[in-house]
Amino acid sequence: MNRSNPLGAGLGLKAEHYDQALACDAEGLWYEVHPENYMVGGPRLAWLERMAERHALSLHGVALSLAADAEPDAGHLRRLRALIERVRPVLVSEHLAWSTWRGQYHPDLLPFPRSDEALKRISENILRTQEALGRSIALENPSHYLHLDGHDWDEIGFLTELARRTGCTLLLDVNNVHVSAHNLGFDAAGYLDRFPAQAISEVHLAGYSQDDQAALLIDSHDAAIAEPVWALYRHLIARIGPRPTLIERDGNLPAFSELLAERAIAQATLASAGALS
Amino acid sequence: MNLSLGQFQDAFVEALYQRPAPALASLTEQAAFAVYRNTVLCGCVEALRANFPSVETLVGTGWMHDATRAYAQQTPPDDARLIRYGAGFPAFVQALQASQDVPYLADVARLDWYWCEVFSAHQEPYLTLSDLAGMTATDLERGHLAPRSCVRWQWFDAHPAYSLWRVSREGLPWSADHPWVAEGALLSGDSDGVSHQPLQIGACAFLDACAAGQPLQVASQIAQQTQPDLDFSDLLGRLLQAKAFRPLTFA
């Protein structure tokens, strides 16, 4: 049973791997799912409840749309709270992005200008969310593709201020930093060095793909973690110490054993940086 | 760009769906904007393909790709739970199928949609045969059998929609000697998954009457009038086995 163990390196949980994932007892292992897939009845929910009896879970939302200029959907919050009460996750997180607008859901994590107005709105939305859920959440830095005007804040300053105003923690996605640094032209290691260590409650790793036409890197989660991302991760962990680390894989899904092997690299990195708590 | 957050989001959505958004010209002229357009559209298309697998089996990947793209452009999801996306897709397919030689396609799409509804429905208590033990004939006549929210049924009078749907969904071959007759279908869900079975016209009429709030006695009369040779005892047993009803209530 892994529920009470310190969180080490975890894996995104896929239905294709259910039996192996349920049985696996690797040290520090935990699993993450998108709650939107389980905010229904039927077999999926029953499946997740069985997993929750044995393993620590994280709920990583993609649709609260915290950066929309609107309050989070009350029904969505109610369903998320109900799921939290059923599966008792150790971590709950969302993205610094928007996806729902005027009653329509656009399945992506969309950008916005980091303005003073946006800071105020998102702070209010996080506070409302945390009150509705009865717990704090972690907020993830997004991947960037567009050069966007109208920012009053840089991303790290914006995230730090959100954490200060709301008490939320930060989920640092190293692959997103690598992808964004390539696409927008900034120094990824420098970004990681400025990220507030004390606010980081979780780290994400993933693979990316390349859009040759637009010379962009895409946060596609459909490949193994690339060496530059591993290097950034080791650099980060050496500075901040061990933090629960999740390997995301959504496409070109390999065998569970292959994901476990990739996870073992992250677990070894965490172990070499000190005791997990 | 000097837009409020809400104005930015209004314009961004217009641009996502290829509608004019002059205020965001500095964004839409970047090649990177296509990443967002593609991701949103692909998310919708993949959700529809996952929710309507039998339709794709019947029409092929190319037709399905075009149809789902067109539907997604016209009708984005209104719920982040994407298994709930596509309520209007059967009607959309109905309008498209005139150009195809697949007159039963919309009914197959309806059964795929029922599968999604049943698969994701919250579970409710259900009536068992033993619950009926000890009840008098008068009790039963007065009682109301309400179908559970995780149950769907329909009679299809133009073609063997249930058989066509089942073989498409399960990747089975269609037998040339399968009788081309009207069929009904019953789908019911529980925490183990979705089960389904063919249903006769009287059974569909019975469930329609139960759902409309008719007492058991009236509902059974409607069923027998619709299909005089209906074996009602057998039907009731099958429906109870399928956990089709909430516990009995009385007027």
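I'll start with the second largest pocket: its lining has 15 nonpolar, four polar and four charged residues. Bear in mind throughout that this is a predicted model. The pocket in question, the second largest, has a volume of about 330 Å³. There are 23 residues in its lining, and those closest to the centre are A:Arg114, A:His144, A:His151, A:Glu155 and A:Leu184. Which elements supply at least two residues each to that lining? In chain A they are strand E6, residues 104-110, helix H5, residues 155-166, and helix H7, residues 188-194.

Next, the enclosed space. How many cavities of 30 Å³ or more does the structure hold? It holds one. The volume of the largest cavity is about 40 Å³. Its lining consists of A:Pro35, A:Gly61, A:Leu64, A:Leu80, A:Val92, A:Ser93, A:Glu94, A:Thr129, A:Leu133 and A:Ile137. By class that is six nonpolar, three polar and one charged. Two elements of chain A, strand E4 (91-95) and helix H4 (116-133), each give at least two residues to this cavity lining. The largest share, three residues, is from E4(A).

E4(A) also belongs to the main sheet of chain A, so to speak of the barrel now. Eight strands of chain A close into a barrel, with parallel pairing, in the order E1-E2-E3-E4-E7-E8-E9-E12. On average, neighbouring strands in this sheet are turned by 30° against each other, ignoring direction. Helix H9 of chain A, residues 256-272, packs on the sheet and touches four strands of chain A: E1 (9-12), E2, E9 (200-206) and E12 (245-248). The direction of H9 makes about 150° with that of E1(A). To take one pairing from the barrel, strand E2 (residues 31-33) and strand E3 (residues 57-60) of chain A run parallel and are joined by three bridges. Opposite A:Glu32 stands A:Ser58 in E3(A).

Over to chain B. Here there is an open sheet of three strands in the order E2-E3-E4, and the pairing is antiparallel. Why is one side of E2 and of E4 left without a neighbour in the sheet? Strand E2 (151-156) and strand E4 (193-199) of chain B are at the edges and have a single partner strand each, so one side of each has no neighbour there. Neighbouring strands of this sheet are turned by 15° against each other on average, again ignoring direction. E2(B) pairs with strand E3 of chain B, residues 183-190, over six bridges in the antiparallel sense. One residue pair to look at is B:Phe156, which stands opposite B:Glu183 in E3(B).

Last, the contact between the chains. The size of an interface is often given as the accessible area lost when the parts come together. For chain B and chain A, the area buried between them is about 3,400 Å², with 67% of it on carbon and sulfur atoms. Which residues of chain B lose the most area to chain A? They are B:Leu5, B:Tyr36 and B:Arg81, and together they make up 20% of what that side buries. As for the residue counts, the contact takes 41 residues from chain A and 41 residues from chain B.

Technical notes
Residues are numbered from 1 along each chain as its sequence is written. Chains are lettered from A and ligands numbered from 1 in the order in which they are written. This is a predicted model: local features need pLDDT of at least 70, side-chain atom pairs count only at pLDDT 80 or more; totals for chains, interfaces and linings use all residues. Side-chain values use heavy atoms; hydrogens and water are left out. Two strands pair if DSSP finds at least two bridges between them. Axes are lines fitted to C-alpha atoms, for helices over the stretch in contact, and angles run from 0 to 180 degrees between N-to-C directions. On a 1 Å grid over the protein atoms alone, a cavity is a set of points where a 1.4 Å probe fits but cannot get out, and a pocket is an open set with protein on both sides within 12 Å along at least five of seven lines; lining residues have an atom within 4 Å of a point. Grid points are joined across faces, edges and corners, and a volume is the space filled by probe spheres set on the points. Ala, Val, Leu, Ile, Met, Phe, Trp, Tyr, Cys and Pro count as nonpolar, Asp, Glu, Lys and Arg as charged, and the others, Gly among them, as polar. Contact means heavy atoms within 4.5 Å. Buried area is the accessible area (1.4 Å probe) that two parts lose on being put together, summed over both.
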